Structures are given as C-alpha cells and as structure tokens.
Amino acid sequence: MAETPSPERRDARSTPPPSFVTAVADLLARTGAHLDRLSLDLARDLGEVARGGIAVADAARGEWQEVADTVEAAWTQARAQSRGVPRVTRVVRAGLALAASARWYRLRGAAAGRAGLSDDDHRALAARTRDACIELRGGVLKLGQVASCRPDLIGPVWAAELAQLQDRVPAIDGAAIAARVEAELGAALADRFAGFSADALAAASLAQVHAARLPDGRAVAVKVQVPGIDEIVRADVAALAILAGMLGDLIPGDLGAIAGELGRALTGELDYLAEAAAGAEVAPTLAGTELFVPAVVASHST
C-alpha cells in the first residue's frame with residue numbers, strides 16, 4: 001500500500017540481515033550465561049557469610065554492573081557494524097533492561113538462600129514487560145497479547161499481567177492516522193468522508209478504529225494500520241531473535257522460534273485486502289447466526 005514513511009519506518013529500513021542477527025544473539029547468549037554463573041556463585045558465597053546484609057547487596061550490584069558493561073559493549077560494537085538500526089536497538093535495550101532486573105532478583109534470592117525467582121519477582125517482571133509492550137507497540141505488543149492467552153505456557157502470574165494488554169492500549173495521535181488515510185485514499189478526508197472522528201473507538205497493537213460517515217450518510221468504522229507498522233514488525237522480529245538467548249530462562253518457550261512465527265503470521269494479518277476477501281467469503285456461512293461480518297466499502301479500502 002502507498003504511504004508516507006514515518007521516521008520510525010525510515011529507521012527500520014536498516015533492519016540487519018539474518019546472519020548479523022544470529023551472530024549478535026549467540027554473543028549475547030554466551031556472555032550472559034557465563035556472567036550469570038559468576039554472579040550466582042558470588043551471591044551464594046556472600047549470602048553464607050552475611051545473609052541479608054548490605055555487603056551482599058553491594059557485591060551483587062557490583063557484579064551485575066560487570067554484566068551490564070560487558071553486554072553494553074558487545075551491543076555497541078555489533079550496532080556499529082550494522083550501520084545503525086534504531087528500532088532494533090530500542091527493543092533490544094528494553095529486553096536487556098528486563099534481563100538485568102531478572103538477574104538482580106535472582107542474585108538477591110541466591111544471597112538469601114532461595115533458588116530461582118519468587119512469585120513476587122515474576123509479578124514485578126511481568127508488569128515491567130507489560131509497560132514495555134505498551135511503549136514499544138508493534139510486534140512486541142502483539143507478542144505480549146498472544147502470550148497473555150496462554151497461561152499454560154507462561155504461568156498464571158505472567159498471564160494476568162499481560163492480559164491488561166488486551167484492552168489498555170493507548171491510541172496514537174489522530175493527526176498521524178488522518179495523514180495515513182489521506183495518503184492511502186489519495187484525497188483529503190473532507191473529500192472522501194462527511195465526517196471522521198479524530199478520537200479512536202479502539203486501539204490495538206497494529207491498528208486502530210475510527211468512527212466516520214460517508215458522503216451518502218452511511219455510518220462506518222475505519223480500521224487504519226499504524227503508520228510504518230510493516231517495517232516495525234520486521235525490526236521487532238530481528239530484535240526478539242537477538243534477545244532469545246538472553247531471555248530464554250526468563251520467558252518460557254523458544255523466543256526465537258516464536259518471533260519468527262509471529263513475523264510470518266503478522267505479514268498476513270497486515271494484508272487488509274486479503275482480510276476483506278476472507279470476510280466476504282465467510283459471511284454467507286455465518287448468515288442467520290449470532291456472528292456478524294461487516295460489509296467492506298471497496299471505494300474506501302486499500
């Protein structure tokens with residue numbers, strides 16, 4: 001579809017190739033695993049001597065600083081070699097911040113003689129993940145929404161926090177949506193609609209819906225993709241592949257494989273002409289039931 005690229009979209013066009021993503025993912029996974037072992041050993045040893053003391057906290061923070069510095073240096077070097085990928089960098093940084101919190105909770109627990117993360121630790125991490133999903137939107141938010149539907153895979157604590165992503169997504173600026181609609185339809189809103197609400201009826205990870213009225217008086221709902229979302233999704237899939245090795249022990253499942261499958265699924269979901277055709281195909285089957293398939297106004301659809 002024709003559109004005016006947003007700054008986010010232009011940034012995402014530098015999404016790194018698969019070979020680069022794989023190399024960075026392997027580097028971060030090996031670095032994180034090695035330093036995790038050192039950190040946990042230190043925390044346990046210090047916990048034996050001064051469990052719960054200030055010395056344990058200071059030592060654990062100092063050890064994690066080494067982890068943070070090493071990973072930051074690795075990512076800075078890799079990013080320099082990739083010509084710069086701001087969207088990927090933003091997602092990876094958010095993931096590394098989550099990993100840092102998880103490691104700090106694990107160190108604190110080890111110093112107190114507790115193995116693994118407590119429910120309170122998981123709840124705090126899940127809440128931070130939820131907030132990051134809302135801030136980043138795109139494929140990251142979609143992944144959080146999908147994950148929230150699978151408590152059997154991610155556990156009830158994570159599912160409860162991420163479930164808030166289903167109905168608490170803030171809408172993006174109405175002016176950006178209006179510009180996207182005008183670019184798609186090749187005309188000003190006033191030329192194609194008798195009225196178009198700047199406030200969204202609903203907002204989701206990939207699109208939002210606005211109430212409008214056609215020149216003939218018909219009331220319609222206009223579903224509009226977030227500007228540049230296709231490129232954002234591709235960048236998110238690359239970033240999640242990089243993070244898979246670092247977050248594998250925190251988030252259940254193969255994050256890399258999930259990210260790849262998510263990318264394939266979202267590519268189809270972003271094809272609104274295919275969605276319209278699918279709706280028309282299934283509508284006769286649902287006739288007479290409680291389910292309803294809205295009619296598509298072809299003259300105002302792209």
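**Exercise 1. Classify R137: is this residue buried or exposed?**

Step 1. Take the relative accessible area with a 1.4 Å probe and protein chains only: buried is under 20%, exposed is over 50%, and partly exposed lies in between.
Step 2. R137 has 12% relative accessibility, so it counts as buried.
Step 3. Locate it. R137 sits in the loop between helix 5 (119-136) and helix 6. Helices (H or I, at least four residues) and strands (E, at least two) are DSSP runs, numbered from the N terminus.
Step 4. Check the backbone. The phi of R137 is near 55 degrees, which is positive in a residue other than glycine. Most residues other than glycine have a negative phi.

**Exercise 2. State which parts of the model have pLDDT under 50.**

Step 1. Note the source. This is a predicted model, with local features needing pLDDT of at least 70 and side-chain atom pairs counting only at pLDDT 80 or more, while totals for chains, interfaces and linings use all residues. Residues are numbered from 1 along each chain as its sequence is written, and side-chain values use heavy atoms, with hydrogens and water left out.
Step 2. Read the average. pLDDT, the predictor's confidence in each residue from 0 to 100, averages 76 over the protein. Of the residues, 68% score at least 70.
Step 3. Find the weak stretches. Residues 1-13 stay under 50, with 28 contacts (heavy atoms within 4.5 Å) beyond four places in sequence. Residues 42-56 are also below 50. That second stretch has 17 contacts in the model beyond near neighbours in sequence.

**Exercise 3. Dissect three salt bridges, starting with E269 and K142.**

Step 1. Apply the rule: a side-chain nitrogen of Lys or Arg within 4 Å of a carboxyl oxygen of Asp or Glu. The count comes to 12 salt bridges.
Step 2. Take E269 and K142. Their closest N and O atoms are 3.1 Å apart. The pair links distant parts of the chain, 127 residues apart: E269 is in helix 12 (residues 255-269) and K142 in helix 6 (residues 138-148). E269 is partly exposed at 34%, and K142 is buried at 18%.
Step 3. Take R150 and D152. Their side chains meet at 2.6 Å, N to O. R150 is partly exposed at 38%; D152 is exposed at 56%.
Step 4. Take R234 and E231. The closest N and O atoms are 2.8 Å apart. Both lie in helix 11 (residues 229-247), three residues apart, so about one helical turn separates them. R234 is partly exposed at 46%, whereas E231 is buried at 12%.
Step 5. Look for shared partners. R130, D131 and E161 are joined into one network by such salt bridges.

**Exercise 4. Describe the lining of the largest pocket.**

Step 1. Define the pocket. On a 1 Å grid over the protein atoms alone, it is an open set of points where a 1.4 Å probe fits, with protein on both sides within 12 Å along at least five of seven lines; lining residues have an atom within 4 Å of a point.
Step 2. Count the lining. It has 28 residues, with A221, V222, K223, V296 and S301 nearest the centre.
Step 3. Assign elements. Helix 9 (174-185), strand 3 (219-225) and helix 13 (272-286) each supply at least two residues. Strand 3 gives the largest share, seven residues.
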